[in-house]
Amino acid sequence: MSEGGYDVETRFSAKSRGTIKDDQGRNVAYFDPKSQLFAIKVRHLPNGPPLGPHALKKDELYVLGCEWDAVEQRKWFEYKVENGLLMPRRVVAPYTAEETAFLKKNYRSEFHFLMEYGLKVFNEPDREEGRKILRAIMREDKELEDEESDDEWDPEGHQADYNFTERQLDWIEKSYRNSEQFMLSYGLKFYNDEDIEEAKAIAEAMMDEDD
């Protein structure tokens, strides 16, 4: 390896750890074989170069800063990508201004909203799940606004009503208050199509038992 007009050669043996030569091929320094790290030993005259005053002071602490060359950093990054060593970061869309306002109006904060659904604000997968729930609620609310006026309909707890028959809803409201509470009691999500189908099957089976 050549650097600044000097040729640096390293080796690993009991007698030597390498040398540093000038542009004329003369040894100007070597690496101390007794040191665990690469400690430079400068050669003295007549074979070595003339030296000025020592720059380092005894009993002082020094910090050596090293930085990997930008080209080498790029090579390492590309190697990790090509060999599957770099896990891709999952980008999760944050709350929009409209969603943030909806949270504040109806739940006070994201913390209170997540807590209501048994989720934790300091857990990123829980927060992502919360965003899905909130967006499903807001989507259902918008659809309901086209059908019912604000004074005739309370959206809380009724996000899944349209998936059930009138007969099923009558039974659900008698036993579980609303469709959302019914699904949550069985660990089902009102915004998941497969969970909705399972909830409808459960409702039918329990209604048959009551009959």
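A polar contact is a pair of N or O atoms within 3.5 Å. Keep that cut-off in mind as you click through this model, which is predicted.

**Stop one: asparagine 106.** Select helix α2, residues 97-107, and you'll find asparagine 106 there. Now show its side chain: it reaches the backbone oxygen of phenylalanine 102 at 2.9 Å. Is asparagine 106 buried or exposed? Neither, quite: its relative accessibility is 41%, so it counts as partly exposed.

**Stop two: aspartate 22.** Hop over to the loop between β3 (18-21) and β4 (27-31), where aspartate 22 is found. This one is buried, because its relative accessible area of 12% is under the 20% cut-off. Which backbone atom lies 2.8 Å from a polar atom of the aspartate 22 side chain? Show arginine 26 and look for its backbone nitrogen. Then add Gly5, Tyr6 and Val28, which aspartate 22 contacts once you leave aside neighbours within four places in sequence.

**Stop three: the cores.** Keep Val28 on screen, and add Val8, Ile20 and Ala29: these four are included in a separate core of five residues. The largest nonpolar core has 28 residues. Start there with Phe113, Tyr117 and Ile137, which are among those with the most contacts inside it. Colour the helices next: α2, α3 (110-116), α4 (124-145), α5 (166-176), α6 (179-184) and α7 (193-210) each give two or more residues to this core.

**Last stop: phenylalanine 113.** Zoom in on phenylalanine 113 and pick out its contacts beyond four places in sequence: Leu103, Tyr107, Gly130, Ile133, Leu134 and Ile137.

How values were computed. Residues are numbered from 1 along each chain as its sequence is written. This is a predicted model: local features need pLDDT of at least 70, side-chain atom pairs count only at pLDDT 80 or more; totals for chains, interfaces and linings use all residues. Side-chain values use heavy atoms; hydrogens and water are left out. Helices (H or I, at least four residues) and strands (E, at least two) are DSSP runs, numbered from the N terminus. Buried means under 20% relative accessible area, exposed over 50%, partly exposed in between (1.4 Å probe, protein chains only). A polar contact is a pair of N or O atoms within 3.5 Å; within protein, one must be able to donate a hydrogen and the other to accept it, and residues adjacent in sequence count only if both atoms are side-chain atoms. Contact means heavy atoms within 4.5 Å. A nonpolar core is a set of buried Ala, Val, Leu, Ile, Met, Phe, Trp, Tyr and Cys residues joined through side-chain atoms within 4.5 Å.
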